[in-house]
Amino acid sequence: MLDVQNLSVEYKIQGGVLRAVEDVSFTLKRAESLGIVGESGCGKSTIAKALLQLLPKNGRISAGHVLFDGEDLVGKNPEEMRKMRQKRIALVSQSAMNSLNPVYTVGTQIIEAIRTHSRMTEKEAFARAVEVFSMVGLEEKRLKSFPHQLSGGMKQRAIIAMALSLEPDIIIADEPTTALDVVVQGRILQRIQKIHKEISSSMIFITHDISVVSEVCETIMVMYGGRVMEIADTNSFFRAPYHPYSLGLQNAFPSITEIGQEELVAIPGSPPNLSEPQQGCRFHVRCPFATERCSLEEPPLEEVKENHYSACWYTDKVESFRREAKKRDTWESVRARIEEQILQEETSEEMKGAGI
Ligand SMILES: Nc1ncnc2c1ncn2[C@@H]1O[C@H](COP(=O)(O)OP(=O)(O)OP(=O)(O)O)[C@@H](O)[C@H]1O
């Protein structure tokens with residue numbers, strides 16, 4: 001249904017360009033759900049915006065294709081895209097929560113949306129609104145509520161209901177639950193999963209929290225610094241991830257089902273500055289297993305087993321990486337290495353400043 005080929009997106013910034021997404025490819029079949037994960041700034045939302053042609057003025061798709069049912073969305077005119085967005089590809093995002101109009105009841109807004117995009121009568125649209133509200137676990141009486149009368153979780157569910165009311169082919173959910181508490185998050189995730197099966201929409205689920213994907217998606221794509229590090233069938237991935245970044249992410253988030261069971265270890269350091277030219281593997285500075293080769297040559301994304309791809313030069317050493325990545329010391333040594341490097345850079349700056 002969706003075939004994204006070698007997508008690259010860049011933003012014009014003062015004094016240059018920021019390459020936010022580079023050479024990203026994936027496919028999404030009908031009724032399949034794909035999770036895109038990675039830390040803040042790795043390019044997740046940029047992909048969503050590029051798919052929907054909602055990039056800001058300074059952003060552009062610099063390469064690649066987005067084939068939707070065989071038709072390339074790249075280069076479509078704004079009117080064609082507007083229709084496509086409303087009816088065929090729906091976006092559910094944090095900012096959508098603020099898109100509810102405070103002066104109308106949520107019922108009025110959802111019925112209006114349904115009627116604008118279908119030939120339904122008022123009565124039919126009302127029945128549809130009741131149906132999608134019940135799908136997301138909201139009672140019919142909530143249709144009479146104004147947005148301010150709903151809790152954050154309810155508002156989010158109303159937004160999801162609105163997106164679903166048009167039975168889109170693809171739902172793109174961009175961090176739809178991060179602002180909500182863990183219990184509400186869990187409930188909403190279960191709903192989304194159930195609904196996407198019921199109406200057989202495909203789904204792209206964007207999150208920084210890897211454990212959420214294990215609950216909701218069949219395929220996982222791990223991004224880092226604008227590139228795909230690993231893409232795999234979710235079961236295969238959670239049983240045995242390949243990329244050192246994925247191993248680090250796994251330690252950094254509590255599992256939704258086993259909260260408090262394991263020790264959490266954050267990955268030391270921070271993601272690369274994408275406005276600067278990149279060399280080698282994007283993760284090498286924070287990788288406990290990086291060698292000189294990793295800092296010089298970018299590893300390609302290669303098949304490591306069926307439906308499982310990873311971009312690391314040392315896939316053959318993955319067994320030992322998995323063992324080492326579980327140890328706190330492994331990551332502590334990365335922290336020490338990064339701190340040492342910062343210290344060296346500061347010292348050499350000071351020496352330069354002092355004319356030594
Ligand atoms: N309008 C913009 N102009 C310039 N740079 C931008 C713009 N929007 C995003 N970026 C940059 O592009 C990169 C990718 O950002 P993006 O928002 O896609 O990441 P993300 O993974 O979705 O992060 P988050 O989880 O914080 O939303 C970041 O370096 C970000 O600073």
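Q: Hi! How many residues does helix 5 have, and what does it reach from its first C-alpha to its last?
A: Helix 5, residues 152-164, has 13 residues and reaches 18 Å, close to the 18 Å expected at 1.5 Å a residue. That expected span is 1.5 Å times one less than the number of residues. Helices here are DSSP runs of H or I with at least four residues, strands are runs of E with at least two, and both are numbered from the N terminus.

Q: Is this model predicted, and what do the local features need?
A: This is a predicted model: local features need pLDDT of at least 70, side-chain atom pairs count only at pLDDT 80 or more, and totals for chains, interfaces and linings use all residues. Residues are numbered from 1 along each chain as its sequence is written.

Q: Back to helix 5: why is it largely enclosed by the rest of the structure?
A: Because 10 of its 13 residues are buried, meaning 20 or more other C-beta atoms, placed from the backbone, lie within 10 Å of a residue's own (exposed is 12 or fewer, partly exposed in between). Among them are K155, R157 and L164.

Q: Cool. What pLDDT does the protein chain average?
A: The average is 88, and 94% of the residues score at least 70; pLDDT is the predictor's confidence in each residue, from 0 to 100.

Q: Which elements have the lowest and highest mean pLDDT?
A: Helix 6 (residues 182-198) has the lowest, 74, and strand 12 (residues 308-310) the highest, 98.

Q: And ipTM and pTM, what are they?
A: The model scores ipTM 0.98 and pTM 0.89.
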